[in-house]
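Colleague: I should be grateful for a close look at the surroundings of the ligand, and at the part of the protein behind them.

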Amino acid sequence: MNRNIKIVTGNALHSHFSKNWEKMIDPEAKKNKMLKWNEADLKKAISDSNSVLALVGEEAVGFVCLILRQKYVEICALIVTPEHRKRGIGMALMEKAISLAKEEHSDKSIILFSNEISSRMCEKFGFVIADKKSLNIETWKACDVCPEHKNFPDCRCQPMMLVPTINIKQRHPAKPEGN
Ligand SMILES: CC(C)(COP(=O)(O)OP(=O)(O)OC[C@H]1O[C@@H](n2cnc3c(N)ncnc32)[C@H](O)[C@@H]1OP(=O)(O)O)[C@@H](O)C(=O)NCCC(=O)NCCS
């Protein structure tokens with residue numbers, strides 16, 4: 001990835017990018033590649049430090065955010081501007097989003113509702129395919145706005161899950177010898 005590109009956690013100082021991202025996401029949502037987002041929700045995700053941005057100077061060229069669900073942390077709204085794609089920015093955004101999710105919510109699984117491209121990216125990070133019917137109803141709330149919602153579970157997007165690793169030593173400490 002180009003050294004001029006910085007991957008940063010979003011904060012209130014970046015919230016003005018929300019308007020751009022709404023516009024950028026819109027055509028991808030129309031192509032059914034991702035869910036539509038409104039500016040207010042994007043602004044909140046950025047201000048609450050629940051997002052990761054790829055910056056080139058003053059320009060934001062990539063975005064992803066985290067939503068805390070009851071059972072999962074969801075990685076969503078992953079997007080790179082068309083002219084910056086296929087240069088590793090998507091993977092860098094994912095890597096940072098995963099580490100943020102693990103830092104803040106180490107007990108929760110991470111979930112991403114993937115399309116053809118993002119499912120390949122997820123595989124590289126060790127995500128595995130999750131059975132749609134095994135996910136709780138809360139997980140599907142955001143999908144109400146999806147044009148394919150009526151076809152569930154035969155809709156196009158595929159949930160991919162990264163389950164937290166359990167430290168076996170911590171959970172079952174070895175008994176001291178002689179006991
Ligand atoms: C998905 C997206 C964010 C990827 O961003 P990117 O910066 O191009 O991704 P990267 O350059 O880091 O590529 C990561 C991997 O994705 C896959 N990939 C990327 N673009 C691809 C394409 N057009 N076709 C097939 N695979 C592709 C490759 O496996 C690639 O890894 P490799 O280079 O080691 O083979 C970008 O294509 C995008 O914004 N798409 C529109 C929105 C979208 O679909 N978001 C996902 C919603 S779930």
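How many residues of the shell around the ligand are nonpolar, how many are polar and how many are charged?

Modeller: The shell holds 9 nonpolar, 4 polar and 7 charged residues. Here Ala, Val, Leu, Ile, Met, Phe, Trp, Tyr, Cys and Pro count as nonpolar, Asp, Glu, Lys and Arg as charged, and the others, Gly among them, as polar. The model is predicted, with local features requiring pLDDT of at least 70 and side-chain atom pairs pLDDT 80 or more, while totals for chains, interfaces and linings use all residues. Residues are numbered from 1 along each chain as its sequence is written, and side-chain values use heavy atoms, without hydrogens or water.

In total, 20 residues surround the ligand, each with a heavy atom within 4 Å of it. The closest are Leu78, Lys86, Gly88, Asn115 and Lys124. Three polar contacts (pairs of N or O atoms within 3.5 Å) may be described. A polar side-chain atom of lysine 124 lies 2.6 Å from an oxygen atom of the ligand. At valine 80 a backbone N or O atom is 2.9 Å from a ligand oxygen atom, and at arginine 120 a polar side-chain atom is 3.2 Å from a ligand nitrogen atom. On its own the ligand has 920 Å² of accessible area, of which the protein covers 76%; such areas come from the Shrake-Rupley method with a 1.4 Å probe.

Strand S4 (72–80), helix H3 (89–104) and helix H4 (116–124) each supply at least two residues of this shell. H4 gives the most, with 5 residues. Helices (H or I, at least four residues) and strands (E, at least two) are DSSP runs, numbered from the N terminus.

S4, H3 and H4 also give two or more residues each to the largest nonpolar core. Such a core is a set of buried Ala, Val, Leu, Ile, Met, Phe, Trp, Tyr and Cys residues joined through side-chain atoms within 4.5 Å, and buried means under 20% relative accessible area. This core has 23 residues, among which Ile75, Met94 and Phe127 touch the most other members. Its largest share, 7 residues, comes from H3. Beyond its neighbours within four places in sequence, methionine 94 is in contact (heavy atoms within 4.5 Å) with Ile75, Leu78, Leu112, Met121, Cys122, Phe125 and Phe127. Leu78 thus appears both among the residues closest to the ligand and among the contacts of methionine 94. Another core, of 16 residues, lies apart and includes Phe17, Trp37, Phe63 and Ala77.

Methods: A polar contact is a pair of N or O atoms within 3.5 Å; within protein, one must be able to donate a hydrogen and the other to accept it, and residues adjacent in sequence count only if both atoms are side-chain atoms. Buried means under 20% relative accessible area, exposed over 50%, partly exposed in between (1.4 Å probe, protein chains only).
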